Amino acid sequence: MVRRKRAGTYIHEQAGWPGFRWDHDRISARLIDVRHRQGLLIGQMKGLGFQLRTEAVLNTLTEDVLKSSEIEGEVLDRDQVRSSIARRLGLDIGGLVPADRNVEGVVEMMLDATQRYADPLTGRRLFGWHAALFPTGHSGISKIRVGAWRDDAKGPMQVVSGPIGKERVHYEAPAADRLRDEMKAFVDWFEKDRSTDLVLKAGVAHLWFVTIHPFDDGNGRIARAIADMVLARSEDTSQRFYSMSAQIRQERKAYYDILEATQKGDLDITRWLEWFLDCLGRAFERSETVLGAVLGKTRFWEHFAKVEFNERQRAVINRLLNGFEGKLTSSKWAKLAKCSHDTALRDIEDLIRKKVLVKDPARGRSTSYSLVRVK
């Protein structure tokens, strides 16, 4: 990372840090609304049958892992993420694929945060999450300190953007010699504070941790895992039916803008909490898409319950129903099913005869196909 001398004062340099404050009158209406919608969503999901609820949780956790990594510019393989989560939760979904070490590490961290949400957050636990994120001890090609606070041996920790020589410093974190005390204060507050509503606490914890920026890399992903952990505590359930990370990914520019503005401001974090609550509300709305996909998948298999499928067809159809991106072609079918192109064509033609697949309107060189719409 490029290091440059910063200008200006950051929130962690303010007198009274980390004594965050906010305007309760401005926050209360949003908090009441979000809490109400949160309760409605959890109640709606718990009213589903076990199988549908399990599918919704799997879809949500998959989105959470994928999108939290995408925020940082890392694209993970959806099938690997889904398979890793299913294995760790003991779910029988069929068609499991092996996952890379980096995928397994991200999944391990997220599941530890959301499935063991009631367990105390400690420095040792955070070190474990960090080690899971960087199993090779490298971030890209750069060697980093893993499972330990950063030491700033190469200069202060800064968040920068822009080409070399024209970098813009967005933020500079507290010096490394402050980290032990900073993280002790954070962890003590995290476990001992009982006065802050847990949904608000998720927003405060997210901001506080990412402001300290205690690791060489992975701070954003860990901050979002911490927020998910507090939200799970607020609901007292390990079952996840919405993804805050997926919504932040949709609003990535606004996310970074409000973070930067808050970290360059004073200790009044009202605007950050307003944005966090609004984003959470939009995440609840987005969860309807997850539920819709689960219900659509159930309707599809019920509709074709009397149709015979071979294992390849069933596996590829499930892949399509789980959120396949792009157009389905015969070559993609062959790759997904791990079969020859001729076999892929036979599978596709069989499904067209059975009115399971339809040809898309001719475009370009490759013929593509879609699943029929089931009402």
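Helices here are DSSP runs of H or I that cover at least four residues, and they are numbered from the N terminus. With that in hand, you can place His206, which sits in helix α7, residues 198-212. Keep in mind that you're looking at a predicted model.

Let's step back to the whole chain before zooming in on that histidine. The chain holds 14 helices and 7 strands. Its C-alpha atoms fill a box of roughly 75 × 45 × 35 Å along the principal axes. For 375 residues, a compact globule would have a radius of gyration near 21 Å, and the chain's 23 Å agrees with that. Take the contacts in the chain with a separation of 6 or more: 68% of them link residues 24 or more positions apart.

What about inside and outside? Of the 375 residues, 51% count as buried. The chain exposes about 18,500 Å², and carbon and sulfur atoms supply 50% of that. As for charge, there are 62 positive and 52 negative side chains, with the centres of the two sets 4 Å apart.

Now for the interior. In soluble globular proteins, nonpolar side chains tend to be buried together. In this model, the largest nonpolar core has 85 residues, and the members that touch the most others are Phe20, Leu126, Trp129, Phe186, Ile226 and Trp272. Helix α11, residues 270-303, gives the most to this core, with 11 residues. A second, separate core has 22 residues, including Phe324, Leu328, Cys339 and Leu351. Back in the largest core, look at Phe20: setting aside residues up to four places away in sequence, Phe20 touches Ile11, Val204, Leu207, Trp208, Leu267 and Ile269.

So is His206 buried or exposed? His206 counts as buried because its relative accessibility is 1%, and the cut-off for buried is under 20%. Leaving aside neighbours within four places in sequence, His206 is in contact with Ala223, Arg224, Ala227, Ile248, Tyr255, Trp272 and Phe276. You've met Trp272 already, among the best-connected members of the largest core.

One more stop is Met244, in helix α9, residues 244-250. Met244 has a relative accessible area of 4%, so this residue is buried too. Not counting residues up to four places away in sequence, Met244 touches Asp64, Asp228, Phe276, Cys279, Leu280 and Ala283. Phe276 is on the contact list of His206 as well. Finally, Met244 and Leu111 are 133 residues apart along the chain, and their C-alpha atoms are separated by 15 Å.

Conventions. Residues numbered from 1 in each chain as written. Predicted model: local features only at pLDDT ≥ 70, side-chain atom pairs only at ≥ 80, totals over all residues. Heavy atoms only, no water. Core = buried A, V, L, I, M, F, W, Y, C linked by side-chain atoms within 4.5 Å. Buried < 20%, exposed > 50% of the residue type's maximum accessible area, 1.4 Å probe, protein only. Helix = DSSP H or I, 4+ residues; strand = E, 2+ residues; numbered from the N terminus. Contact = heavy atoms within 4.5 Å. Rg over C-alpha atoms; globule rule 2.2 N^0.38 Å. Areas by Shrake-Rupley, 256 points an atom, 1.4 Å probe, with all protein chains shown as cover. Lys, Arg positive; Asp, Glu negative; His and termini not counted. Charge placed at Lys NZ, Arg CZ, Asp CG, Glu CD.
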